[in-house]
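Here are my notes on the model you sent over. I've kept them as numbered points so you can check each one against the coordinates as you go.

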Amino acid sequence: MSQSKTVDDQQERINVLKRAFAYNIFYKQGVTTGTARINDYYLAVAYTLRDKMQHLFINSVEALLEKESKIVCYLSAEFLMGPHLHNNLVNLGLYDDFAQAAEESGLNLKEIIDHEEEPGLGNGGLGRLAACYLDSLASLQIPAIGYGIRYEHGMFDQEIVSGWQKELSDTWLQPGNPWEIKKPDLACNVGFGGYAETYIGEKGNLRHRWIPARLITGVPYDTPVPGYKVNNVNLLRLWSAEAHSSFDFDDFNTGDYYGAVEDKIKAETITKVLYPNDEQFAGKQLRLEQQYFFVSCSLQNMIQTHLFMYKSLDNFHEGFAAQLNDTHPSIAVAELMRLLVDIHFYEWDQAWDITRQTLCYTNHTLLPEAMEKWQIELFTDLLPRHMEIIFEINRRFLDEVRLKFPGDHARVNRMSIITETNPKYIRMANLACIGSKAINGVAAMHTDLLRKHTLADWNSMYPGKIRNITNGVTPRRWIAVSNPRLTNLISEAIGDKWITDLRELKKLVPLAEDSSFQDAWQGVKEQNKQDFADIIKQQQGIAVDHKAMFDVQVKRIHEYKRQHLNVLHIVTLYNRIKANPNIDMPPRLFVFGGKAAPSYFMAKRIIKLITSVARVINSDPDLKDMLKIFFIPNYNVKIGHSVYPMTDLSEQISLAGKEASGTGNMKFSMNGALTIGTLDGANVEIREEVGAENFFLFGLTVEEVMQRQAEGYTPRDYYRQNKELGQAIDLIASGHFSHGDKELFRPIIDSLLYDDQYMLLADYQAYVDCQEKVSAAYKDKNDWTRMSILNSARMGKFSSDRSIADYAKKIWDVKPFPVQLKWKSLPENGLLFSPRHRP
């Protein structure tokens with residue numbers, strides 16, 4: 001092909017995009033270029049890209065219908081997808097074309113990308129992991145559907161007012177969501193309340209049915225999820241709740257205007273907000289309603305799809321592998337049994353066999369309080385038939401336990417789905433363990449602790465059922481999209497195969513000693529740091545030297561993540577500098593970010609502590625810019641695009657044995673940050689991969705934590721015996737950082753001195769000593785850069801592509817299903833489906 005022909009083809013592609021932009025501005029947005037605003041341009045560009053994805057998606061559906069393949073269904077209460085536009089452009093290989101078309105249309109693609117509102121459909125690691133896995137499923141060409149909830153208001157927007165977190169409504173849908181397509185023809189009805197009854201079936205056998213008191217309609221909204229430079233496009237299907245009957249004319253005509261729409265309001269409440277405050281009974285009920293609603297809709301949809309392709313549900317487990325992302329969707333065990341037994345008239349044993357071969361359960365926590373439980377009275381009122389089914393599952397299962405472990409009554413009580421407490425609760429993790437074919441942990445250490453402690457009974461009951469799948473993150477979003485400078489540098493050095501095979505980064509190892517490559521690597525990091533320094537200057541007026549060490553801890557605010565241990569170190573440095581202004585240490589910018597649950601008193605007070613210490617330190621002239629602190633308001637995926645690339649030091653300092661895995665630790669290391677951390681979660685494996693000499697380790701081990709607790713841990717002993725620790729705590733308690741108010745941080749101080757559940761005081765000195773090693777290492781720029789390069793180069797294990805490949809082989813038994821394009825645009829006959837497939 002001649003060069004002129006190639007140029008002509010490229011220009012024709014650009015012209016097609018420009019015409020599409022103009023068409024969508026005029027016909028979809030109803031404005032002209034003279035009246036259009038930035039949101040109009042964003043929507044026009046997004047609709048253009050979505051149209052490009054649609055023919056790939058239709059091809060994917062057609063291919064599945066013609067040649068059946070097992071489909072992975074990922075059920076998750078959260079999908080923290082992040083902004084779609086930039087990621088989809090990169091995955092489809094269209095970024096450069098769209099940038100040129102935008103420029104020739106008088107638009108700036110970067111400004112349009114920056115404008116996009118982020119869907120707040122998740123709280124943190126759980127939802128972000130689900131999003132990474134959808135990306136990898138599509139990129140590995142494995143057919144998949146992500147099932148979740150279309151929250152009208154996602155995770156709250158966080159403002160910091162006078163140092164306190166203030167929660168604001170997240171109105172992510174208000175500017176318009178161009179990526180989703182509503183599918184009302186696939187709506188499902190979901191029941192609540194009422195009663196269950198028995199009756200005699202057609203064959204004279206005893207049958208059960210549920211007569212719900214109210215029905216809610218679940219309407220799906222579909223968002224395409226493209227793989228990286230493949231023809232496969234998978235699906236994110238989110239359910240929105242609507243009233244089964246949205247308007248009562250009789251009530252309206254009698255003047256009861258609220259009553260006329262009461263059912264509509266109650267129904268829509270179910271998908272109104274992500275994670276309602278469940279301190280009150282109404283909040284608990286709403287959370288259970290949310291979980292059952294999306295699980296029932298999803299399973300009904302899976303059954304509907306299967307029966308479209310097959311005559312019966314006998315082979316349902318061969319058509320689908322359903323992964324339960326933590327305990328939120330674990331009601332799926334009882335609901336799938338109800339659908340099979342009550343609706344499709346399967347006998348119990350066959351239904352149970354299908355259920356246990358279909359469902360798989362991921363455990364994400366070692367914290368007992370995070371193991372979800374529901375009070376029996378609440379559960380029975382909402383889901384009476386499911387309560388009967390759970391009792392029957394439990395009866396049969398406990399008989400198996402008694403047979404295998406005769407006389408072990410304590411084990412029977414521990415493994416029972418129903419607690420023996422007053423009041424009684426349903427243990428949803430136990431239900432998930434019983435009803436799934438496989439249980440997996442999310443890091444080697446986490447899985448080991450599950451087998452030995454948290455789920456030890458299950459490991460004894462079903463040896464081999466608990467497997468490890470270490471978490472991973474997608475290199476597409478977390479390097480290619482968020483760190484284009486580093487992407488270009490790496491690709492120029494070793495090619496771009498690493499984007500789909502992260503193990504290719506090992507080719508960087510020899511370059512870690514190359515001075516010219518080190519200079520280029522430092523240059524990328526310094527440019528990224530300068531970009532972030534500009535953001536800080538713009539938002540808070542704080543001037544930051546980009547050559548300072550950028551020390552970052554961004555994650556959900558929780559006591560076990562120990563943000564306040566970080567603060568104790570900062571106060572210690574503050575005391576040292578005040579005592580010796582000529583102290584030899586590199587300047588540091590400490591960056592925090594994360595949200596506290598609205599009802600989590602201590603976490604919100606930790607935010608206030610961080611911002612209060614920041615206020616004093618940032619304005620103290622004695623420090624001579626040696627220390628600065630910046631708390632990022634409303635931390636989210638979009639902000640993460642700027643944070644991970646600029647970080648020098650990643651703080652992963654949870655108490656050993658508390659973090660299941662973590663994924664932020666992986667994103668930081670991929671982008672060349674060095675880690676200071678404990679032997680917790682995936683830190684253990686990261687340290688093994690990057691090398692102990694390239695990881696700053698401190699703190700008690702899991703065994704040492706258990707031993708200290710068994711011996712009787714007394715935190716005040718550490719306070720009395722450690723002078724610097726005592727000075728740091730006393731300065732906070734004195735009101736120095738709270739305008740003289742000695743009561744403001746008393747709850748934190750008292751918690752540390754008299755309880756210290758997460759053993760900050762025990763780990764304090766090791767942490768401070770390790771931070772001195774960090775400072776010493778940072779002074780040697782070339783050696784620090786060498787370690788930075790090696791961190792990135794040895795992160796191949798932590799791609800979500802590897803995680804999904806492990807799930808596919810060890811748990812789901814699925815294989816890639818490459819899609820061949822049947823057409824590149826609308827078929828000539830205008831039909832996307834043959835008559836056989838037309839709904």
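1. Let's start with how the chain comes together. Among contacts between residues at least 6 apart in sequence, 76% join residues at least 24 apart. Keep in mind that this is a predicted model, so everything below is computed from predicted coordinates.

2. On overall dimensions, the C-alpha trace spans about 90 × 80 × 60 Å along its principal axes. The protein has 33 helices and 22 strands. Its radius of gyration is 28 Å, close to the 28 Å that the globule rule gives for 839 residues, so the protein is as compact as a globular protein of that length.

3. Next, burial and surface. Of the 839 residues, 59% count as buried. The protein exposes about 33,700 Å², and carbon and sulfur atoms supply 50% of that. As for charge, there are 94 positive and 105 negative side chains, with the centres of the two sets 2 Å apart.

4. Two short helices caught my eye for how covered they are. Helix α3 (residues 85-92) has eight of its eight residues buried, and the list includes polar names such as His86, Asn87, Asn88 and Asn91 alongside Leu85, Leu89, Val90 and Leu92. What do the buried residues of α3 pack against? The partners are α2 (38-66), α4 (95-104), α5 (109-115), α6 (125-139), β9 (214-226) and α19. Right after α3 comes Gly93, with a positive phi near 70°.

5. The other one is α16 (residues 428-435), where again eight of eight residues are buried. They are Met428, Ala429, Asn430, Leu431, Ala432, Cys433, Ile434 and Gly435.

6. Have a look at α20 (residues 484-494) too, where the buried residues are Leu486, Thr487, Leu489, Ile490 and Ile494. Seen down the axis of α20, these fall within an arc of 165°, so they line one face of the helix. That fits the usual geometry: an α-helix has 3.6 residues a turn, so residues three or four places apart point the same way. The cover over the buried residues of α20 includes α19 (475-481), α21 (515-540) and α25 (664-670). As with α3, a glycine follows: Gly495 comes after α20 and has a positive phi, near 85°.

7. Helix α19 turns up in the surroundings of both α3 and α20, and Pro475 is one of its residues. Is Pro475 buried or exposed? Pro475 is buried, at 0% relative accessible area. Leaving aside neighbours within four places in sequence, Pro475 is in contact with Ala480, Ile499, Leu502 and Ser799. Pro475 and Lys667 make a nice pair to inspect: they are 192 residues apart in sequence, while their C-alpha atoms are 8.5 Å apart in space.

8. Now some backbone points. Most residues other than glycine have a negative phi, and most peptide bonds are trans. Against that background, please check the bond between Asn422 and Pro423, which is cis, with omega about 5°. Pro423 sits in the loop between α15 (409-415) and β14 (425-427).

9. There are also two residues with positive phi that are not glycine, and their settings are worth viewing side by side. Lys229 has a phi of about 50° and is found in the loop between β9 and β10 (233-243). Arg562 has a phi near 60° and lies in the loop between β17 (549-554) and α22 (563-579). Which is buried and which is exposed? Lys229, at 53% relative accessibility, counts as exposed, whereas Arg562, at 0%, counts as buried.

10. Arg562 comes back in my last point, on a charged residue inside the protein. Asp763 is found in helix α31 (residues 760-779) and is buried, with a relative accessible area of 1%. What is Asp763 in contact with, leaving aside neighbours within four places in sequence? The contacts are Arg562, Leu655, Thr678, Phe698, Gly699 and Leu700. So if you open only one view from this note, you could centre it on Asp763 and Arg562, which are in contact and are both buried.

Notes:
Residues numbered from 1 in each chain as written. Heavy atoms only, no water. Buried < 20%, exposed > 50% of the residue type's maximum accessible area, 1.4 Å probe, protein only. Helix = DSSP H or I, 4+ residues; strand = E, 2+ residues; numbered from the N terminus. Arc of directions from axis to C-beta. Contact = heavy atoms within 4.5 Å. Rg over C-alpha atoms; globule rule 2.2 N^0.38 Å. Areas by Shrake-Rupley, 256 points an atom, 1.4 Å probe, with all protein chains shown as cover. Lys, Arg positive; Asp, Glu negative; His and termini not counted. Charge placed at Lys NZ, Arg CZ, Asp CG, Glu CD.
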